[in-house]
Amino acid sequence: MESDRQSSRLWPFLIGFFAPLVPAIIGLLFLPDTSSGAKKFVFLLIITPLVAIGLLIYEYTSNKRVMMYGTLLVFLLGISFVVWFNLFAFSGW
């Protein structure tokens, strides 16, 4: 019985973690091909945090705590990646 309880908490966490990435992946598939990958990269950086914020609002109002933790984790990872990218990619390092 204990294993059923743990797996039921893992599934909403994984949904919350991967749900903000799905629109970005679908958008990247339909984005026109460019000579540089900058357009795709900027699209990925913009759409994922916006979807994560929308999902966080929905999960908070519907009281889905475990799913909210997964979305919050992917949001924090995305923001930390943007900060890292701004620090090191544009400094010539």
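The buried residues of helix α4 are Met67, Met68, Gly70, Thr71, Val74 and Phe75. In this predicted model, the helix runs over residues 65-88. It comprises 24 residues, and the distance from its first C-alpha to its last is 34 Å, close to the 34 Å expected at 1.5 Å a residue. Confidence also favours this part of the chain: α4 has the highest mean pLDDT among the elements, at 83, whereas helix α1 (residues 2-18) has the lowest, at 73. For the chain, the mean pLDDT is 77, and 73% of the residues reach 70 or more.

Among the buried residues of α4, Gly70 offers a helpful point of entry. Its relative accessibility is 0%, and Gly70 therefore counts as buried, given that the cut-off for this class is under 20%. Once neighbours within four places in sequence are set aside, the contacts of Gly70 are with Phe13, Gly16 and Phe17. A further link across the sequence is seen with Ile15: this residue and Gly70 are 55 residues apart along the chain, yet 7.4 Å separates their C-alpha atoms.

Turning to the surface, a nonpolar patch of about 530 Å² is formed by Ile79, Phe81, Val83, Trp84, Leu87 and Phe88. One of these patch residues, Ile79, is placed in helix α4. With a relative accessibility of 36%, Ile79 counts as partly exposed, because it falls between the limits of 20% for buried and 50% for exposed residues. Helix α4 thus holds both Gly70, which is buried at 0%, and Ile79, which is partly exposed at 36%.

The loop between α3 (38-61) and α4 contains Asn63, a residue with a backbone feature that merits a closer look. Asn63 is not a glycine, although its phi is positive, at about 60°. Most residues other than glycine have a negative phi. In terms of accessibility, Asn63 reaches 57% and so counts as exposed, the cut-off being over 50%.

On the other side of this loop, helix α3 spans residues 38-61 and includes Thr48. Thr48 has a relative accessibility of 11% and hence counts as buried. Apart from neighbours within four places in sequence, the residues in contact with Thr48 are Pro20, Leu21 and Ala24. Two buried positions are thereby described with their contacts: Thr48 in helix α3, with Pro20, Leu21 and Ala24, and Gly70 in helix α4, with Phe13, Gly16 and Phe17.

Definitions and conventions: Residues are numbered from 1 along each chain as its sequence is written. This is a predicted model: local features need pLDDT of at least 70, side-chain atom pairs count only at pLDDT 80 or more; totals for chains, interfaces and linings use all residues. Side-chain values use heavy atoms; hydrogens and water are left out. Patches are made of residues with over 30% relative accessible area and no salt bridge: like charges are joined within 9 Å, nonpolar side chains (Val, Leu, Ile, Met, Phe, Trp, Tyr) within 5 Å. Accessible areas come from the Shrake-Rupley method with a 1.4 Å probe; for residues, only the protein chains shown count as cover. A salt bridge is a side-chain nitrogen of Lys or Arg within 4 Å of a carboxyl oxygen of Asp or Glu. Helices (H or I, at least four residues) and strands (E, at least two) are DSSP runs, numbered from the N terminus. Buried means under 20% relative accessible area, exposed over 50%, partly exposed in between (1.4 Å probe, protein chains only). pLDDT is the predictor's confidence in each residue, from 0 to 100. Contact means heavy atoms within 4.5 Å. The expected span of a helix is 1.5 Å times one less than its number of residues.
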